[in-house]
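Here's a walk through a two-chain model, contact by contact. Have the coordinates open while you read.

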Amino acid sequence: MSDRFRSAIVGWLLLLPAMIFLVAFTHWPAVASLWESVMSTPKPRRPARFVGAANFEQIWADPIFWQSLTNNLWFALGTIPTSIALAMLMAVWVNDRLPGRTFARMAYFTPTILPMIAVANIWLFFFTPQYGLLEQILGALGFGATNWLGSKDTALWAVTVVAIWKEAGFFMIFYLAALQSISPTLAEAASLEGASRWTYFRRVQFPLLMPTTLFVLINAVINAFRMVDHIIVMTRGGPDNATSLLLFYIYQVGFSFWDTAYAAALTIVLLAMLALIAFIQYGWLERRVHYR
Amino acid sequence: MSQTPHDPYAPKGFARVLETGGAWLLALLWILPLAFAFWAAFHPPEFATRFTLTAPLTFENFTRAWVAAPFARYFLNTILLVTMIFVSQIILCTLAAYAFARFEFPGRGIAFALVLAQLMIMPDVLIVENYRTMSALSLVDTLPGIALPYVASAFGIFLLRQTFRTVPKELDDAARVEGANALQVLMKVYVPLARPIYIAYGLVSVSYHWNNFLWPLIITNSVEARPLTVGLQVFSSGDQGVDWSVICAATLLTSGPLLIGFLMFQRQFVQSFMRAGIR
């Protein structure tokens, strides 16, 4: 047996167990969704039949889908830049030798290890009208009562804030790791040249953090289309679909209305969006990132 | 954390006061929900929303939460679940990462692209089809039903592949000269050298699956299979009216083990995370 042949056999044998599970629970369901999306939902007396693009035509005409898509884009726009900027700020702060930085680092990171479902309950209380914490504070300052989660104008922002709070500390760890790997000689050289701290951050630290930012950005984008735990606890998509996000809508259509064919078509739309985002990020952004 | 003895950009004077103030304010905001949970859980319900320092301390909320729902069962389920997932992930990801890092075989590029695709398309997005698969396998409402979609983790494969590639080829060759086969080389050379990465990955995996909610919610419908997160949700959306003190106690119960573990190993955790080069 030649070495190359042997290597190919061993390589594939090592890969096989993981590949079986990857195909079974990622690639096969993605392909199956495509198949389901052109079929009708099977009913006890009416088996699934081919319906062509009917499910997609339904999506096109579905106001709740468009609302969920719009909500999701606002949610992404609200969470991604804010949590990345906050994470960077946190990392710079806890990287400097400030008094109490161990406490700060712990405080920032704690939301990451708490189950979203558990903290959503606590945030639910914060947002409760009349006796909730936010209301007590704002009431003391003389503001009127607001039903944060019950009003169409504020509900989406309320759940966005919770997502930012949950995510920023997780991203901070990556920035902290990157900051600590920057050679201290760079700081010395910059200070000898008389660069201000802001210049040092802008010209040295920030560019060196770009690969981390790309990694964090990819994660933030994925999370923006995946984070639904707190929606299920806090608003169930309401009021009047004001906080319905795409994955939440898929969950609702698939498991509350049991319209599996329509849910499959929605899944295909979400997958197509994720693929497009991946394409933009890997193809276009990566060429703009400076690697060491 | 290794700090340089001299940092020319360490904030001084007013900037230092400003930065410290900002860092603390943000830290307080970030810890506030947890702090509130502690307050409400350790005080009688009538003080849940009234913050007076003289409020009496009590453990009663915890005992009430514990008897109000089968938390012991939920704990057992969660511990079994995260163990099952972590052990399978370690085995499958190690083997696959070794193949990608050190073997030439036709189709390697395509196989790796298939792995990377999962980084973008998490199993969470494919709940409808995965539910169908699980019903076909009669695994609905079982722990393996919760675990299976996650056992081949693209993140784990990617992370370990990067690590294995940094292992010097000479070590590999030396072991082979001594007559070790591929699996023995993996166990004797690669796995021990990647220990910090296994620790970092373990912490990420355990906390992710301890906290995971949507898929377990969908795939379970009985106490026998429910993990803590789903149990907590069923418990707190019950009809008994909203009792914030008991909910906060249950919340602390649910996240307590992770929280204590994190506080105890905070330093090691952050360090192994950094050494893993996940950045």
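Which residue's backbone oxygen lies 2.6 Å from a polar atom of the side chain of A:Thr82? That would be A:Gly78. Keep in mind that the model is a predicted one.

## Around A:Thr82

A:Thr82 sits in helix H3 of chain A, which covers residues 63-95. A:Thr82 counts as partly exposed because its relative accessibility is 33%. Its side chain has a polar atom 2.6 Å from the backbone oxygen of A:Gly78.

There's also a long-range neighbour to look at: A:Trp165 is 83 residues away from A:Thr82 in sequence, yet the two C-alpha atoms are 9.8 Å apart in space.

## Where the chains meet

Chain A puts 101 residues in contact with 93 residues of chain B. Together the two chains bury about 9,000 Å², and 75% of that is on carbon and sulfur atoms. A:Leu14, A:Phe25 and A:Ile113 supply 8% of the area chain A buries against chain B, more than any other three residues.

On the polar side, 10 residue pairs are in polar contact across the interface of chain A and chain B. Helix H1 of chain A gives the largest share of chain A's side of that interface, with 21 residues. Two salt bridges run between the chains. B:Asp124 and A:Arg226 form a salt bridge, with their closest N and O atoms 3.7 Å apart.

## A buried glutamine

B:Gln118 belongs to helix H4 of chain B, residues 108-120. With 6% relative accessibility, under the 20% cut-off, B:Gln118 counts as buried. A polar atom of its side chain lies 3.2 Å from the backbone oxygen of B:Ala152.

Leaving out residues up to four places away in sequence, B:Gln118 touches residues of both chains: A:Leu22 and A:Thr26 on one side, and B:Pro123, B:Pro149, B:Ala152, B:Ser153 and B:Ala154 on the other.

## Salt bridges

Over all chains, the count comes to six salt bridges. Two of the pairs belong to helix H8 of chain B (residues 169-177). B:Lys169 and B:Asp173 have their closest N and O atoms 3.8 Å apart, and about one helical turn separates them because they are four residues apart in that helix. B:Lys169 is partly exposed at 41%, and B:Asp173 is partly exposed at 36%.

The other H8 pair is B:Arg176 with B:Asp172, at 2.9 Å from N to O. These residues, too, are four apart, so about one helical turn lies between them. B:Arg176 is partly exposed at 36% relative accessibility, whereas B:Asp172 is buried at 1%. Elsewhere, salt bridges with shared partners join A:Glu36, B:Glu129 and B:Arg132 into one network. Then there's B:Arg108 with B:Glu104, where the closest N and O atoms are 3.9 Å apart; B:Arg108 is partly exposed at 26%, and B:Glu104 is exposed at 57%.

## Surface patch and loop

A:Phe5, A:Ile9, A:Trp12, A:Leu13, A:Leu16 and A:Ile20 make a nonpolar surface patch of about 570 Å². One of them, A:Leu13, lies in helix H1 of chain A (residues 3-37) and counts as exposed at 56% relative accessibility.

For backbone oddities, check the loop between H5 (127-136) and H6 (143-147) of chain B, where B:Ser138 lies. Phi of B:Ser138 is near 50°, a positive value in a residue other than glycine, and B:Ser138 is exposed at 59%. B:Asp141, in the loop between H5 and H6 of chain B, has a positive phi of about 65° and isn't a glycine either.

Methods
Residues numbered from 1 in each chain as written. Chains lettered and ligands numbered in written order. Predicted model: local features only at pLDDT ≥ 70, side-chain atom pairs only at ≥ 80, totals over all residues. Heavy atoms only, no water. Patch = residues over 30% accessible without salt bridge, like charges linked within 9 Å, V, L, I, M, F, W, Y side chains within 5 Å. Areas by Shrake-Rupley, 256 points an atom, 1.4 Å probe, with all protein chains shown as cover. Salt bridge = Lys/Arg side-chain N within 4 Å of Asp/Glu carboxyl O. Buried < 20%, exposed > 50% of the residue type's maximum accessible area, 1.4 Å probe, protein only. Contact = heavy atoms within 4.5 Å. Buried area = accessible area lost by both parts, 1.4 Å probe. Polar contact = N/O pair within 3.5 Å; in protein donor to acceptor, adjacent residues only side chain to side chain.
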